[in-house]
Amino acid sequence: MNTTTKKVRPAKKLNTWIAPKRTALLVIDLQVDFASPAGALGKAGADLSAVPAALAKAASLADGARAAGAMVIFIRLETRGETDSPAWVERTRRLGGTPEKDLAICRAGTPGAEFCGPLLAPGDIVIVKSRYSSFVGTNLDSILKAKGIDTLVMCGLTTECCVDCTVRDAFHRDYHVFLAADACASCDKTLHEAAVQSLERNCAIVVRTDDVVKAWTG
């Protein structure tokens, strides 16, 4: 179901909507294999030109959230051959790929799974996942509910995959979702823009990092 609403100006209401006591920042999959030329995507020749700016914006969001007392949660993909999704493996085969090679990204214990960009700080939470969505197979939802969190600001990599899946899952779990699109990136500008437009239309309010930080810190 697609819905169209009257255009709003989120910046005017953000300090109420994302009040620190009710809000968590989700920093999704800022890891070497997705973000660094030395990682899997970089070695495969992917266009990572949009990534550095997104990493800088994500760092600004994390700093602003901590300063305001909002919860900061780093999401980390870790994959293992024995726990790869059977559907993911079979889809790869049906598309002519080799699962052992094509799915070897962010493997647990490898440099590619390490964080890249904003640094963890004391008090930050790390959630380890093995699927695209940060909610699948993790205790993220229970952590948020235990802290009375009903609002999420999200950023990370990649826009059209793990960010998109996490935004949609959060919305379906009745969280208020704000997407800091300038703190997200993809290897394909068209895919990034399309994902942002789709999420804005259906699941999230798209905001700018600077407006979020201003709402948190004044």
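Modeller: The expected span of a helix is 1.5 Å times one less than its number of residues, where helices (H or I, at least four residues) and strands (E, at least two) are DSSP runs numbered from the N terminus. This is a predicted model, in which local features need pLDDT of at least 70, side-chain atom pairs count only at pLDDT 80 or more, and totals for chains, interfaces and linings use all residues. Residues are numbered from 1 along each chain as its sequence is written, and side-chain values use heavy atoms, with hydrogens and water left out.

Biologist: How far does helix H4 reach from its first C-alpha to its last?

Modeller: Helix H4 runs over residues 51-68 and has 18 residues, for which 26 Å is expected at 1.5 Å a residue. Its reach is close to that expectation, at 26 Å.

Biologist: Which elements do the buried residues of H4 pack against?

Modeller: Among the buried residues of H4 (buried means under 20% relative accessible area, exposed over 50%, partly exposed in between, with a 1.4 Å probe and protein chains only) are Val51, Leu55, Leu61 and Gly64. With contact taken as heavy atoms within 4.5 Å, the buried residues of this helix pack against strands E1 (23-28), E2 (71-77), E4 (151-157) and E5, and helices H2 (32-35) and H10 (209-217).

Biologist: Which strand supplies the largest share of the largest nonpolar core?

Modeller: A nonpolar core is a set of buried Ala, Val, Leu, Ile, Met, Phe, Trp, Tyr and Cys residues joined through side-chain atoms within 4.5 Å. The largest one has 64 residues, and Leu25, Leu144 and Leu152 have the most contacts inside it. Leucine 152, leaving aside neighbours within four places in sequence, is in contact with residues including Ala24, Phe135, Leu144 and Phe178. The largest share of this core, eight residues, comes from residues 176-185, strand E5.

Biologist: How many disulfides are found in the whole structure?

Modeller: A disulfide is a pair of cysteine sulfur atoms within 2.5 Å. The sulfur of cysteine 155 is too far for a bond because its closest cysteine sulfur, in cysteine 184, is 6.1 Å away, and cysteine 106 has no bond either because its closest cysteine sulfur, in cysteine 162, lies at 8.3 Å. The number found in the whole structure is zero.

Biologist: Which residue's side chain is joined to that of histidine 192 by a polar contact?

Modeller: Histidine 192 is placed in helix H9 (residues 189-202) and is buried, because its relative accessible area is 16%. A polar contact is a pair of N or O atoms within 3.5 Å; within protein, one must be able to donate a hydrogen and the other to accept it, and residues adjacent in sequence count only if both atoms are side-chain atoms. At 2.8 Å, the partner of histidine 192 is threonine 159.
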